[in-house]
Amino acid sequence: MAEAKAMNGKTCVITGSTGGIGRVAALRLADAGARVVIVGRDRQRGQALAEGLRRQRGPDTAEFFAADLSAGAARSALADAILQRHPRIDVLVNNAGGMFGRRTMSADGLEMTFALNHMGYFHLTHLLLPAIRAAAPARIVNVASDAHFGASLDFEDLQNEHSYRRLRAYKRSKLANVYFTYELARRLEGSGVTVNALHPGFVATEIGVRNRLIPRLVWSLATLAAIDVEAGARTSVFLASAPEVANVTGRYFDKCRPKPSSPASYDEPAQRRLWDISAGLCGLDPATATAGL
């Protein structure tokens, strides 16, 4: 198969890949010949997945790194560990995320939805960017969501301190993913690194019951209309591996096809403002935050 030849020997880092669509993406990219770097918080499931892939496909096929991507120190330690093993990264799939029923704070003092869903993508990408550039042509894939439609960022309340609402916080974080995708794509233009975002669909995962967000029975009924994780992972795998999108960058995809994101998501001044704030929050110089350029 064409994808297997294209991915043979390539290194793919997939965050949030111990379960759900991230796990399926790791399996399908391994099927396509890639070496997969599995990142997640669940050490038991991550190690089991990596060990299973190594048994099936060889000792260099997969490895697991445990990390809480809501914390800056954990992201830095993770990046150091990955870069020691992999000076070249062909694909980064930013997939880890969550919804939180109550407003909680990360180790860095940031609201958890913003910390994990946005800062996790922004900071880890920058830390791994030198290795991604070294592998060019390379790809960055950001799992966003159509939940960003209808959302707008309140730059005076990025940490959701005023009247916290779990769905609004989630929708804003997904808009931040799209902002980040478009701004990074512009900054990496001509580098050989593409950056795209995607909507995975309404997927039957545990995100709704994690952190006691929604009662399990209610979530079970809601997910009767959901797609399965195989379908949910399809666009991530497509953007990570398909030859036909090798040169496509700065786009938003759904069902393996580009489509317009929300009108608000094309606000370039807002994209740059979020970039500058995010860089400052993780100690990067906003002007040089695309390290390695």
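Mentor: The protein chain, seen here as a predicted model, has nine helices and eight strands. Of its 293 residues, 54% count as buried, and its accessible surface comes to about 12800 Å², of which 51% belongs to carbon and sulfur atoms.

Trainee: How do you know which parts of the model carry low confidence?

Mentor: We look at the pLDDT, which averages 91 over the protein chain, with 88% of the residues scoring at least 70. Over residues 207-211, however, the pLDDT is below 50, although this stretch still has 18 contacts in the model beyond near neighbours in sequence. Over residues 214-225 the pLDDT is also below 50, and that stretch has 14 contacts of this kind. Where pLDDT is low, the predicted coordinates should not be read in detail.

Trainee: What makes glutamine 271 buried or exposed?

Mentor: The relative accessible area of glutamine 271 is 2%, and because buried means under 20%, this residue is called buried. Glutamine 271 is found in helix H9, which covers residues 268-281. Leaving aside its neighbours within four places in sequence, glutamine 271 is in contact with Tyr179, Tyr182, Glu183, Arg186, Ser265 and Tyr266.

Trainee: Asparagine 160 and serine 163 both lie in the loop between S5 and H6, but why is asparagine 160 called buried, and what is serine 163 called?

Mentor: Each value has to be set against the cut-offs, which are under 20% for buried and over 50% for exposed, with partly exposed in between. Asparagine 160 has a relative accessibility of 5%, which is under 20%, and therefore it counts as buried. Serine 163 has a relative accessibility of 47%, which falls between the two cut-offs, so it counts as partly exposed.

Trainee: What is worth noting about phi in asparagine 160 and serine 163?

Mentor: Phi of asparagine 160 is near 55°, a positive value in a residue other than glycine, and serine 163 has a positive phi of about 45° although it is not a glycine either. Most residues other than glycine have a negative phi, and most peptide bonds are trans.

Trainee: Where is there a cis peptide bond, and what is its omega?

Mentor: A cis peptide bond joins alanine 136 and proline 137, with omega at about 5°. Proline 137 is found in the loop between H5 and strand S5, the strand that covers residues 138-143.

Trainee: How many cavities of 30 Å³ or more does a search of the whole structure find, and which residues line the largest cavity?

Mentor: The search finds one cavity of 30 Å³ or more, and about 50 Å³ of space lies in the largest cavity. Its lining is formed by Glu111, Thr113, Phe114, Leu153, Leu158, Asn160, Ala169, Arg172, Ser173 and Ala176. The elements that give two or more residues to this lining are helix H5 (112-134) and helix H6 (166-187), and the largest share, four residues, comes from H6.

Trainee: What makes the lining residues of the largest cavity nonpolar, polar or charged?

Mentor: The kind of amino acid decides, and the lining divides into five nonpolar, three polar and two charged residues. Phe114 is one of the lining residues, and because Phe counts as nonpolar, Phe114 belongs to the nonpolar group. Arg172 is also in the lining, and since Arg counts as charged, Arg172 belongs to the charged group.

Definitions and conventions:
Residues are numbered from 1 along each chain as its sequence is written. This is a predicted model: local features need pLDDT of at least 70, side-chain atom pairs count only at pLDDT 80 or more; totals for chains, interfaces and linings use all residues. Side-chain values use heavy atoms; hydrogens and water are left out. pLDDT is the predictor's confidence in each residue, from 0 to 100. Contact means heavy atoms within 4.5 Å. Buried means under 20% relative accessible area, exposed over 50%, partly exposed in between (1.4 Å probe, protein chains only). On a 1 Å grid over the protein atoms alone, a cavity is a set of points where a 1.4 Å probe fits but cannot get out, and a pocket is an open set with protein on both sides within 12 Å along at least five of seven lines; lining residues have an atom within 4 Å of a point. Grid points are joined across faces, edges and corners, and a volume is the space filled by probe spheres set on the points. Accessible areas come from the Shrake-Rupley method with a 1.4 Å probe; for residues, only the protein chains shown count as cover.
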